[in-house]
Amino acid sequence: MSAETIPVEFAVYRFQPGKDTAPRFQTYKLDLTPHTPVLTGLLRIRDEVDPSLGLRYSCRSAICGSCAMRINEKSRLACETQVGAEVARHGRIVIEPMRNQAVIRDLVVDQTPFWREYHKIEPHLKLDPRRPMPEGKATPMTPAQVERFKETPRCIACAACYSACPAAEADPSFPGPMALAKLYRFAVDPRDTARTERLLKIQPGGLWLCMRCHLCTEACPKDVRPSERICDLKEMAIAVQGATEMGSRHAVGFKENLKDRGQLNEMKLVRATSGFAGMLGQLGQGIRIYRKKPEIMKKPRKIEGMDELEKIYAALDTPKKEGP
Amino acid sequence: MLRHEVVVVGAGLAGQRAALAAVEAGRNVAVVTKLHPLRSHSGAAQGGINAAIGVNDSVDAHTFDTVKGSDYLGDQDAIEYFCREAGPTVIEMEHFGTIFTRSEDGTLAQRPFGGAGFPRTVYAADRTGLALLQGLWERLGDEKFTLYEEWELARIVVREGRLQGIVALDRRSGEFQEVASKAVVIATGGAGRIYGRTTNAHSCTGDGMAVAYQAGAFLKDMEFVQFHPTALLEGGILVTEGARGEGGILKNAVGERFMSKYAPKVLELASRDVVARAIMTEILQGRGYSGPYGPSVHLELMHLGKEKIESRLQEICDLCRSFAGIDPVTQPIPIAPAQHYMMGGVGTNIPGETNIPGLYAAGEAACVSIHGANRLGGNSLMETLVFGKAAGAAAAAYAAKAPETTLTQGDLDPVVAKYRAWFARKDGEEPSVLRSEVQQTMDRYVNIFRTAADLEEGLKRVRAIKERFSRVRVTDQSKVFNLNLSDAIEVEHILDLAEVIIVGAIARTESRGAHFRTDFPKRDDPQWMKHTLARLTPSGPELSYSKVAFTRWEPKERVY
């Protein structure tokens, strides 16, 4: 690895609400080796150029979750992002605060909504007094049971997922990827006795606002894969409660709908998702669609290769050995 | 004025455990922390937590290993208490919800660690600190207490011979706040940022140790600074001892597994001080690798196989790949020692009491002492919990009986006046400049191998920087999240602590554990089997000494 330096241009978001009239970008130029962490660059700016730059940081080794920010539009940890790759791809390094959290100063954001959602899922073991923990020894748990947590124990609560989440932006009542991944962690914990109660609460609690864009999984620096765990939660919620929300009814309706002919029957799907009354509400839109594309209202033909589709459904309906 | 019965400063494992104990005792508790609790540096601990719960292991064996590891400077009564409590403590953490790595039979898995006669280290892959921090925060978060998040400790107020409360800076508003409290538990962790090359987080600036020292508390055994043998060259990032526990080996530039020369019986799993000195000796004698980021030796994991490396040492894999551009599955990891842990700290007894009534300390900020001259890997996580709980309970019991505090607005004034002067100064020194100079001084003169000449030079330089600190200047004039002010507060702390470390190291003319004097290479029990105590006087630190507690283990020569 070379220790030769390259010129690096940082464009850093600066804003202090109540003091500055509007945010601005300030440019700093440093010579750094290509694998210098962005955080190191920012700290050199603080130490050598401008001590007023506001940011959070602590461990500098991707474990405390303090330094999440947007680096060339991606929410990630400044400590484990290297300047060389950013400069090679983007020419310079644009640094902005995380999204979905109000700016306190420069790159420091107010994480209250993020923590509020975390606390709402009741992130602690719930125990049944009739089933006490084994006295004086650890609860038995096999490696296979530990596997069921998947990567959720790696979460460092950096909020990069929350920043990247369009559902959290659109609807602040959405718990967000981190809180839901945490909920999954408790829902699969063999020590927790409130699994059903947790799942009953979460289905009307915003679970189906997740649109499976997987931006959280892309943003997560610890490979927690929140969107995949949210999919697992959706399955688990339907399993304990059936489809009670528009989102879950849509998902179940979609599956049943396709089973018949291998093509969607759009009319049936709308009814499955919204119910008959809901359909009436969408009458105006239905008429507009019918005018443009009348074939959509027809019952679709059966596709060729239905036998293949049946095999897929058979596989789907076989219970998994290790549930999610 | 804010008022509580018990205030815990620091929200890592020790602070949270202290807070939980005080809440359970029915006290009105507040936790003051400069980070969110889940961002505390406890979360960076990787390898594991020691408890003698294995079938063939015993509390006595753990006690002996810890006594020996301490180079006989640890207090044996405290170590016995610690090792007895370790088993129930790890089980309690499991019951709180911590997700540990398991053996096939469903029990807690344990891995070998340095200086231990048994595989005694319970772990959660290589993120044990994070697992414990999550488990404890989940448990504590369910209780009622007040959290003052992103508040920085500025002053401990002692009057009428007892504790009255604290003054802290609320970073978010920029206001200084008084918190009246009958009891305060210092749990602010270590002070690695006294050094430039350290495994510690940027936040580890010894705030609690320094502020307690300024308030009249004794700092104990501060000259004993642990250097972790294996840190990445890039930024001193920690590579867990678990890497060697899982079978990782060390090689020098001539391909020799050199630990056979220094610890023929246990090789890479000798005590940390022994391994760190061995690595430095290889480097100093010209058998290290050289490169743009400094000299190194190699830590090899390749022979362990991809599956084991990626499951048991998952975080290490990621750290090596993202920070050093190295894949430990196929390549050796260049490493060198880095400052890691302060064996010393605010002097306490087993329940965490200091010499100031109402002031308690626990965790790395405290010195009980169970680590003596050298801490064993896996003992610090356990220390935070065992002694955090003890200190929290003792502080709660004290607060239940203590008279009302007499904190007044006047206690805030000297603090505010001091910081106003920093803001008002038009010329003067930036705190970051002073910080980098003290760090360079400590790296160069107060490292693994020490001599009187180096230490004297280091002291001269640190005192010169302290003198310059009297003209420190905060240029950022904003109140909100003013890190320039935080820098200045922290630099004042590390300067005080650096001075105490060096003064203690100069006085101690022997080699014991992590304190190695090349001019006095032998342990000197008749003269130096004693704890160093440092107290602040107008002319600087004043040293005195106290006895080491012995119970059952006579000092012996320490061979691995």
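This section describes the interface between chain A and chain B, together with selected strand pairings, side-chain contacts and backbone features, in a predicted model.

The contact between the two chains involves 64 residues of chain A and 61 residues of chain B. About 5,000 Å² of area is buried between chain B and chain A, and carbon and sulfur atoms contribute 51% of this. On the side of chain B, the greatest losses of area to chain A fall to B:Arg39, B:Ile99 and B:Glu138, which together account for 15% of what that side buries. The size of an interface is often expressed in this way, as the accessible area lost when the parts come together.

Polar and charged interactions cross this interface. The rule applied identifies 11 salt bridges between chain B and chain A, and 37 residue pairs are in polar contact across the interface, with both residues at pLDDT 80 or more. One salt bridge joins B:Glu138 to A:Arg185, with 4.0 Å between the closest N and O atoms. B:Glu138 thus appears both in this salt bridge and among the residues of chain B that lose the most area to chain A.

Five helices of chain B each supply at least two residues of the side that touches chain A: H3 (76-96), H4 (128-140), H10 (314-324), H13 (431-445) and H15 (483-507). Of these, H10(B) provides the largest share, with 7 residues. By residue class, the side of chain B that touches chain A comprises 20 nonpolar, 23 polar and 18 charged residues.

Within chain B, an open sheet of 5 strands follows the order E17-E15-E10-E20-E21, and its pairing is mixed. Strand E17 (366-367) and strand E21 (540-547) of chain B form the edges, each pairing on one side only. At one end of this order, strand E20 (residues 530-537) of chain B pairs with E21(B) in the antiparallel sense over 8 bridges. B:Thr537 has B:Gly540 of E21(B) as its bridge partner.

Parallel pairing is found elsewhere in chain B. Strand E1 (residues 2-9) of chain B pairs in the parallel sense with strand E9 (residues 175-186) of chain B over 7 bridges; here B:Leu2 is bridged to B:Val179 in E9(B). E1(B) also pairs with strand E2 (residues 29-33) of chain B, again in the parallel sense, over 4 bridges, and B:Val6 stands opposite B:Val29 in E2(B). In general, strands of a sheet pair through backbone hydrogen bonds, either parallel or antiparallel.

Side-chain contacts were also surveyed over the whole structure. The search yields 17 aromatic pairs over all chains. One of them, formed by A:Phe114 and A:Tyr162, is edge-to-face, with 5.7 Å centre to centre and 65° between the planes. A:Phe114 belongs to helix H3 (residues 112-120) of chain A and A:Tyr162 to helix H5 (residues 160-164) of chain A, so the pair ties together parts that are 48 residues apart in sequence.

The count of salt bridges over all chains comes to 93. Among them, the side chains of A:Glu86 and A:Arg76 meet with an N to O distance of 3.2 Å. This pair links helix H2 (residues 83-90) of chain A, which holds A:Glu86, with strand E4 (residues 74-77) of chain A, which holds A:Arg76; the two residues are 10 residues apart.

Two backbone features lie in loops. In chain B, a cis peptide bond joins B:Val368 and B:Ser369, with omega of about 15°. B:Ser369 is situated in the loop between E17 and helix H11 (379-401) of chain B, E17(B) being one of the edge strands of the sheet described above. In chain A, A:Asp106 has a phi near 50°, a positive value in a residue other than glycine. A:Asp106 is placed in the loop between strand E6 (103-105) and strand E7 (108-109) of chain A.

Definitions and conventions
Residues numbered from 1 in each chain as written. Chains lettered and ligands numbered in written order. Predicted model: local features only at pLDDT ≥ 70, side-chain atom pairs only at ≥ 80, totals over all residues. Heavy atoms only, no water. Contact = heavy atoms within 4.5 Å. Buried area = accessible area lost by both parts, 1.4 Å probe. Polar contact = N/O pair within 3.5 Å; in protein donor to acceptor, adjacent residues only side chain to side chain. Nonpolar A, V, L, I, M, F, W, Y, C, P; charged D, E, K, R; others polar. Pairing = 2+ DSSP bridges. Phe/Tyr/Trp six-rings, centres within 6.5 Å; stacked < 30°, edge-to-face > 60°.
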